[in-house]
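Please open the model in a viewer and keep a selection tool at hand. The tour below proceeds by selections, each followed by a description of what is found there.

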Amino acid sequence: MKENNLSIKTIVAIGIGAAVFVILGRFASIPTGIPNSNIETTYAFLALMSIIFGPVAGGFIGLIGHALKDLIFYGSIWWSWVVVSLLVGFLIGQASKSIDIESGEFGTKKIITFNIVQVIVQAIGWFLVAPSLDILIYAEPANKVFLQGLVVGISNMVTVAVIGTLLLLLYAKTRSQKGSLDKE
C-alpha cells in the first residue's frame, strides 16, 4: 500500500487519517498537569498510518491533523508542534519498507525495529525540535518548553510503544503471510 506519489488511496488515507487524528486529539487525550501537554493516543494512530501508507501519508496526516485540531479546539495553530507531528509521521513512515507490515509478519525483530525508530524520532521531535521552535517562533521560556517537550515526548513514546505496537500486531493479522495459500 505504501506509495511515494499521491495516489487516490494515499489521498483518502490522508483525509481519513487527519480526521481521526483530530477526533482522537479531542476525545482520547489525558491531561498531564503540565500546561498544554497531554498523553495522546493520536501518535499511536499516526504511527499505524505511517507504517501502512508510508512517509508521505504519515507526514501529511500529522501536519493536517494537528493543524486542524489546534485550529478547531484552540482557535489558532501552534506551528512548532505541528511541524513535529509532520516530522514524526514522515520519519516513522520511512521505516515502513523495512517493517513491511503488508507481509503479515510483525514479530519480535520488527516490533523492536518499530519501537527503536519511533523512540528516536519522537526524541528528536519533542526533546529538540518542538522546544527550539517554541523559543524561536513564540519566544517561550526555555525551561517551560523543554519540560513540555520532555513530558509529551516520553508519554508519546510509551503510548506508541503500547497502543501503536498493538495496532500494528492486529493489522498484521489481517494480512496474508508470505507463502500462504490465501491470495488477496
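Begin by selecting Lys-110, Phe-114, Asn-115, Gln-118, Val-121, Gln-122, Gly-125, Trp-126, Ala-130, Pro-131 and Asp-134, which are the buried residues of helix H6 in this predicted model. These buried residues pack against H2, H4, H5 and H7.

Next, display the whole of H6, residues 108-138. The helix has 31 residues, and the span from its first C-alpha to its last is 42 Å, close to the 45 Å expected at 1.5 Å a residue. Follow its axis to Val-129, where there is a kink of about 30 degrees. The proline Pro-131 comes shortly after this kink, and Pro-131 is one of the buried residues of the helix.

Continue past the end of H6 to Ala-139, in the loop between H6 and H7. Is Ala-139 buried or exposed? Its relative accessibility is 65%, so Ala-139 counts as exposed. Just after H6, this residue takes a positive phi of about 55 degrees, although Ala-139 is not a glycine. Most residues other than glycine have a negative phi.

A second backbone position of this kind is Asp-100, in the loop between helix H5 (96-99) and H6. Asp-100 is likewise not a glycine, and its phi is positive, at about 45 degrees. With a relative accessibility of 24%, Asp-100 counts as partly exposed.

Now turn to the aromatic side chains. A search of the whole structure finds five aromatic pairs. Select Tyr-43 and Trp-126: their ring centres are 5.7 Å apart and their planes stand at 85 degrees, so this pair is edge-to-face. Which parts of the chain does this pair tie together? Tyr-43 lies in helix H2 (residues 42-53) and Trp-126 in H6, so the pair links parts that are 83 residues apart in sequence. Tyr-43 is buried, at a relative accessible area of 2%. Trp-126 is also buried, at 1%.

The rings of Phe-106 and Phe-114 form another edge-to-face pair, because their planes are at 65 degrees, with the centres 6.3 Å apart. Phe-106 has a relative accessible area of 7% and is buried; Phe-114 is buried as well, with 1%. To view a group of rings together, select Phe-21, Tyr-43, Trp-81 and Trp-126, which form one aromatic cluster.

Keep Phe-114 selected and show its surroundings. Leaving aside residues up to four places away in sequence, Phe-114 touches Ala-47, Ile-51, Ile-92, Ile-99, Phe-106, Val-160, Gly-164, Thr-165 and Leu-168.

Finally, move out to the largest nonpolar core, which has 31 residues. Select Val-88, Ile-101, Phe-114 and Trp-126, the residues with the most contacts inside this core. Which helices each supply at least two residues of the core? They are H1 (8-27), H2, H3 (55-74), H4 (79-94), H6 and H7 (142-173). Colour H2 separately to end the tour: with nine residues, H2 gives the most to this core.

Terms used. Residues numbered from 1 in each chain as written. Predicted model: local features only at pLDDT ≥ 70, side-chain atom pairs only at ≥ 80, totals over all residues. Heavy atoms only, no water. Phe/Tyr/Trp six-rings, centres within 6.5 Å; stacked < 30°, edge-to-face > 60°. Helix = DSSP H or I, 4+ residues; strand = E, 2+ residues; numbered from the N terminus. Buried < 20%, exposed > 50% of the residue type's maximum accessible area, 1.4 Å probe, protein only. Core = buried A, V, L, I, M, F, W, Y, C linked by side-chain atoms within 4.5 Å. Contact = heavy atoms within 4.5 Å. Expected span 1.5 Å × (residues − 1). Bend = angle between axes of the 7 residues up to and from the residue.
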